[in-house]
Amino acid sequence: MKIFRELLSLMPSILILLAIITFFIYSQLWIVFYFILGIVLIFFGVIVFVGALFGLGFRNKLLFDDYVMYLESEMAFFRDKGYQQIEYINLGSAHPGILMRRENSPEIKIIFNAPIIAFKYTVDICIMTDKPVRTHYNVDNNIDLKIAKMSRLYESAHL
């Protein structure tokens with residue numbers, strides 16, 4: 001449903017682009033069409049490239065990393081279980097995370113998988129028992145699904 005809404009929001013732009021392409025094909029102005037198409041492709045390519053460079057250059061330079069906002073529900077779940085955030089791990093990488101700890105319990109790593117050029121981010125949660133227990137899901141999953149997965153993980157680790 002979300003993808004459908006996104007496509008609908010792009011419809012005016014798609015229709016304008018199709019109208020321009022149809023005009024150039026009908027008018028047989030191929031050179032102008034290829035020139036405009038090349039400029040548009042170069043423009044969007046430069047935007048993606050520059051955006052990726054900024055992402056690489058500034059990801060670990062900010063005072064507060066942007067990935068923490070994606071992990072709020074996970075952190076709140078484990079805070080309710082008595083865990084405290086100990087440190088940030090792998091700052092500036094494509095897999096930053098948070099380490100949480102509770103007295104007389106194994107540590108919990110919450111890893112945010114966020115490659116610079118990606119559209120779907122994922123979360124890995126690992127409870128560091130003798131045999132680590134893990135779960136993996138998309139960031140955009142609804143909160144009820146996240147809590148259900150974290151509850152199953154927590155129960156399977158016998159904490």
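Two residues are in contact when heavy atoms of theirs lie within 4.5 Å. The exercises below concern a predicted model.

**Exercise 1. Describe the overall make-up of the protein chain, and state what share of its contacts with a separation of 6 or more joins residues 24 or more positions apart.**

Step 1. Identify the elements: the protein chain has 4 helices and 5 strands.

Step 2. Place them in order. Along the sequence the pattern reads α-α-α-β-β-β-β-β-α.

Step 3. Turn to the contacts. Among those with a separation of 6 or more, 34% are between residues 24 or more positions apart.

Step 4. Consider burial and surface. Of the 159 residues, 26% count as buried. The accessible surface of the chain is about 11,200 Å², and carbon and sulfur atoms hold 67% of that area.

**Exercise 2. Determine which helix gives the most residues to the nonpolar patch on the surface, and decide whether Phe35 is buried or exposed.**

Step 1. List the members of the patch: Phe23, Leu29, Val32, Phe35, Ile36, Ile39, Val40, Phe43, Phe44 and Ile47. Together they have about 920 Å² of accessible area.

Step 2. Assign the patch to elements. Helix α2, which covers residues 30–58, gives the most, with 8 residues.

Step 3. Examine one member. Phe35 is located in helix α2. Its relative accessibility is 55%, and the cut-off for an exposed residue is over 50%. Phe35 therefore counts as exposed.

**Exercise 3. Establish how the buried residues of helix α4 are arranged around its axis, and which elements they pack against.**

Step 1. Describe the helix. Helix α4 covers residues 143–156, 14 residues in total. From its first C-alpha to its last it reaches 20 Å, close to the 20 Å expected at 1.5 Å a residue.

Step 2. Name the buried residues of α4: Lys146, Met150, Leu153 and Tyr154. Seen down the axis of α4, these buried residues fall within an arc of 95°, so they line one face of the helix.

Step 3. Recall the general rule. An α-helix has 3.6 residues a turn, so residues three or four places apart point the same way.

Step 4. Look at the two sides. The buried residues of α4 pack against α3 (72–80), β4 (122–127) and β5 (133–138). On the face turned away from the buried side are the exposed residues Asp144 and Glu155.

Step 5. Look just past the helix. His158, just after α4, takes a positive phi of about 55°.

**Exercise 4. State how many salt bridges the structure holds, and classify the partners of each by accessibility.**

Step 1. Recall the principle. Side chains of opposite charge can pair when their charged atoms come close.

Step 2. Count the pairs: the structure holds 3 salt bridges.

Step 3. Take the pair Glu74 and Lys146, whose closest N and O atoms are 4.0 Å apart. This pair links distant parts of the chain, with Glu74 in helix α3 and Lys146 in helix α4, 72 residues apart. The cut-off for a buried residue is under 20% relative accessible area. Glu74, at 0%, is therefore buried, and Lys146, at 7%, is buried as well.

Step 4. Take the pair Glu72 and Arg79, with closest N and O atoms 4.0 Å apart. Glu72 is partly exposed, at 38%, and Arg79 is partly exposed, at 40%.

Step 5. Take the pair Arg101 and Glu107, with closest N and O atoms 2.2 Å apart. Arg101 has a relative accessible area of 35% and is partly exposed; Glu107, at 25%, also counts as partly exposed.

How values were computed: Residues numbered from 1 in each chain as written. Predicted model: local features only at pLDDT ≥ 70, side-chain atom pairs only at ≥ 80, totals over all residues. Heavy atoms only, no water. Patch = residues over 30% accessible without salt bridge, like charges linked within 9 Å, V, L, I, M, F, W, Y side chains within 5 Å. Areas by Shrake-Rupley, 256 points an atom, 1.4 Å probe, with all protein chains shown as cover. Salt bridge = Lys/Arg side-chain N within 4 Å of Asp/Glu carboxyl O. Helix = DSSP H or I, 4+ residues; strand = E, 2+ residues; numbered from the N terminus. Buried < 20%, exposed > 50% of the residue type's maximum accessible area, 1.4 Å probe, protein only. Expected span 1.5 Å × (residues − 1). Arc of directions from axis to C-beta.
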